Amino acid sequence: MAMLGASMIQRSGSSRRRGLFVAAILLGLTAPAFALAAQLSPAHDVTEAAAFRALHSDLMVAALICRNDQTTGVVGIHNQFVTRFQPLLAKSAQTLEGHFAATTSAAQARVMLDNMTTRIANAASLRFNRRGETCGQTAARFSPLLKMAPQQILDHAFDIYGTAPTLVALLRGQ
């Protein structure tokens, strides 16, 4: 019985060492994957800035499409949005330029931001056409934004656009 007990202790110690060895190997194999995922997933503030720009693009496209419909006020809603949230628009542009500048030059970062903005606006135009909304429906959808506090509008934009695969791809420079 004593021999069996000593053998069990020895095996138990051996099993623990083997388990630690396997855990170390797994950690070594998965750590680079986590690091890569962190590089591929933009920081929350960057995604939030891009989502806010996407929300603004949706409203801007709606204002352009509804510019001749004076009864709905979509153009006025857009103008009030820009006035009210100008500091957020400027900060989001700065955040996104900084994001792109981390991997390119400052001049190239501006080009990347402009390209991203164009692609977001094109997508907004397609979404507007697919929805088939009237200008009145669009006004009703966007007018509540004017009552939101800055952090509320950022959260709202993130909820709508923050995980959109197209937006995440644009942030990766794709």
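# Reading helix H4 and a disulfide

Modeller: Start with the length of H4 in this predicted model. Its 16 residues, at 1.5 Å a residue, should span 22 Å, and the end C-alpha atoms are 22 Å apart, so the two values agree.

Biologist: Which residues of H4 are buried?

Modeller: A general idea helps here. In an α-helix there are 3.6 residues a turn, so residues three or four places apart point the same way. In this structure the buried residues of H4 are Leu-88, Leu-89, Ser-92, Ala-93, Thr-95, Leu-96 and Phe-100. Because they cover an arc of only 165 degrees around the axis, they lie on the same side of H4.

Biologist: Which exposed residues are on the face turned away from that buried side?

Modeller: That face carries Pro-87, Lys-91 and Gln-94.

Biologist: What covers the buried residues of H4?

Modeller: The cover includes H2, H3, helix H5 (106-131), helix H7 (150-161) and helix H8 (165-171).

Biologist: Take one residue, Ser-92. Is Ser-92 buried or exposed?

Modeller: Ser-92 lies in helix H4, which runs over residues 86-101. Its relative accessible area is 4%, and buried means under 20%, so Ser-92 is buried.

Biologist: What does the side chain of Ser-92 reach?

Modeller: It reaches the backbone oxygen of Leu-89, at 2.9 Å. Leu-89 is another of the buried residues of H4.

Biologist: Which residues is Ser-92 in contact with, leaving aside its neighbours within four places in sequence?

Modeller: Those residues are Ala-49, Phe-52 and Arg-53. Distance in sequence and distance in space should be read separately. Ser-92 and Val-46 are 46 residues apart in sequence, yet their C-alpha atoms are 7.9 Å apart in space.

Biologist: Now the disulfide. How many does the structure hold?

Modeller: First, the general idea: a disulfide is a covalent bond between the sulfur atoms of two cysteines. This structure holds one. Cys-66 and Cys-135 form it, with their sulfur atoms 2.1 Å apart. The pair links distant parts of the chain, 69 residues apart: Cys-66 is in the loop between helix H2 (44-65) and helix H3 (74-84), while Cys-135 is in helix H6 (residues 135-142).

Biologist: Is this disulfide left-handed or right-handed, and why?

Modeller: The torsion about the S-S bond of Cys-66 and Cys-135 is about -95 degrees, so the disulfide is left-handed.

Biologist: Are Cys-66 and Cys-135 buried or exposed?

Modeller: Apply the cut-off used for Ser-92, under 20%. Cys-66 has 1% relative accessibility, so Cys-66 counts as buried. Cys-135 has 15% relative accessibility, so Cys-135 counts as buried too.

Notes: Residues numbered from 1 in each chain as written. Predicted model: local features only at pLDDT ≥ 70, side-chain atom pairs only at ≥ 80, totals over all residues. Heavy atoms only, no water. Helix = DSSP H or I, 4+ residues; strand = E, 2+ residues; numbered from the N terminus. Buried < 20%, exposed > 50% of the residue type's maximum accessible area, 1.4 Å probe, protein only. Contact = heavy atoms within 4.5 Å. Disulfide = S-S within 2.5 Å. Polar contact = N/O pair within 3.5 Å; in protein donor to acceptor, adjacent residues only side chain to side chain. Expected span 1.5 Å × (residues − 1). Arc of directions from axis to C-beta.
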